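Trainee: Please pick one part of this chain and take me through it closely. I would like one connected account.

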Amino acid sequence: MAPTASFNPPSADLPGKPFVPEWIPPAVTTEKHNFAQLKSIDLSLLDSEDSAVVNDLIQQVKVAIRDDGFLFLENYGVSLEQLHRQFALAQYLYNNINEEDKERLLFDPDTGVWSGYKHPYGFKRHRGPPDGIEQFNWYKPDWQDIPNRVPSCLHPFMDEIESFCNYLTQSVNRRLLTLFSRVLELPDDYLWNNVQSHGSPTGEGYFRHALFRPVQKQTEEASKGLRMHGHTDFGLTTLLFSVPISCLQIWGRDEQWYYVPYKPGALVINIGDTLEIVSGGHFKATRHRVFKPPVDQLNEERLSLVLFNSSVGELRMQPAYESPLIQREGCVEEQGVYKEFRNLTSQGKLVPTNRQWREIQIATCTDPTDTVRNRVGADQVLIDGKVMHQREYMGVKVVLPV
Ligand SMILES: [Fe+2]
């Protein structure tokens, strides 16, 4: 294959663009315990003309997504300098967004989307206890109406942000879906053409600038150090940029939480529910959460950039039975949402559409600071002596580690 084009964004120095201070990555933790060892995939190898190299890459991906559901992606076409510019823009947002924009663009999760500005008071439109998390999320309508739907301080830089999202979706995610299609032994564009949503720089998914500020003692006590509940992402793939402040944790096969280590410039890829279902459980939707960082990073702010790729909203997901892998090995009934969807189907019931599946979860999201819901007898249950978070969405039971 010809080498894939690298990211080539519009210039940061165009006339009219205000000066944006550099983003200086905070210091990495010295803590070494409880860190996961994730496999790293070199995406540029997909361009190799040596079929043995490409086949080896596919095997590496196959093992990584079956074992961990999480992997690092490197050499995907965005340089460290280009990436740091995008972090600088996110930092600029939180240093410059005005109160009027925070109010005007305030999100409304009851609608089933995160679109807009999230205040640092929980995941509802009304203010709850402080959680120290601010976000701005771009969905399809936000790209289409920048003057009315994006904070004014970012207007001069939307060319760069949009081109970044286009590259991530159209190039990085597309190549990733090629790898996953090949693991399923399907045509290269199977997942891209049949499952990935299109029509905007983020399809039906969204791009996020998030800022996690250190929290007060009261918040930490209420949430027991949790910043976001254990969950799986409801979409296809999630592209998170590895950051120095260690808060992201994944649930290991040994049923313990592990921090994801920092790998400068790398993308952390996690598998969403849709991909778990379409692969018949061969790919695991990654269980992850956001937790307080190790002690030496407790007073640091954590800036995070994430692209959530969504599947086509009107589809009701089922395994890609034409996959030779699934035909040969059957589906994997081990865990998770695929198994729940299959149970519904086997009872002759309709599974939720992708849109219903993501919107119900957003609309009913609860906060880690919610001490009423987060207890056994309410949203939590004891299973084999372990406290688990149990929810039910449209007849689909979801049980996740706390
Ligand atoms: Fe997530």
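Mentor: Start at Thr286, in the loop between α9 (273-278) and β11 (288-291). Helices (H or I, at least four residues) and strands (E, at least two) are DSSP runs, numbered from the N terminus. This is a predicted model: local features need pLDDT of at least 70, side-chain atom pairs count only at pLDDT 80 or more, and totals for chains, interfaces and linings use all residues. Residues are numbered from 1 along each chain as its sequence is written.

Thr286 has 24 C-beta neighbours inside 10 Å, so Thr286 counts as buried. The cut-offs are 20 or more for buried and 12 or fewer for exposed, with partly exposed in between; C-beta atoms are placed from the backbone. Asp273 is 13 residues away along the chain, and its C-alpha atom is 8.4 Å from that of Thr286. Beyond neighbours within four places in sequence, Thr286 is in contact (C-beta atoms within 7 Å) with Gly69, Phe70, Thr232, Ile250, Asn270 and Ile271.

The record adds some context. UniProt, in an unreviewed entry, lists residues 206-311 as "domain: Fe2OG dioxygenase". Over residues 206-311 the chain is 12% helix and 40% strand. The end C-alpha atoms of that stretch are 11 Å apart.

Now follow the contact with Gly69. Gly69 sits just after α1 and takes a positive phi of about 75 degrees. Helix α1 covers residues 51-67, 17 residues in all. From first C-alpha to last, α1 reaches 24 Å, close to the 24 Å expected at 1.5 Å a residue (1.5 Å times one less than the number of residues).

Val61, Ala64 and Ile65 are the buried residues of α1. Seen down the axis, they fall within an arc of 90 degrees, so they line one face of α1. The arc is taken from the directions from helix axis to C-beta atoms. These buried residues pack against β1 (40-42), β2 (70-74), α6 (158-183) and β10 (267-271). Turned away from that side are the exposed residues Ser51, Ala52, Asn55 and Gln59.

Take α6 last. The axes of α1 and α6 come within 9 Å and cross at roughly 85 degrees. Axes are lines fitted to C-alpha atoms over the stretch in contact, with angles from 0 to 180 degrees between N-to-C directions. That makes α1 roughly perpendicular to α6 (65 to 115 degrees). Ile58, Val61 and Lys62 make the contact from α1. Leu179, Arg182 and Val183 make it from α6. Val61 therefore appears twice: among the buried residues of α1 and in the contact with α6.

Note on methods: Two residues are in contact if their C-beta atoms, placed from the backbone, lie within 7 Å. UniProt positions are given in the numbering used here, feature names are shortened, and annotations may be inferred rather than shown by experiment. Angles under 35 degrees count as roughly parallel, over 145 as roughly antiparallel, 65 to 115 as roughly perpendicular and the rest as oblique.
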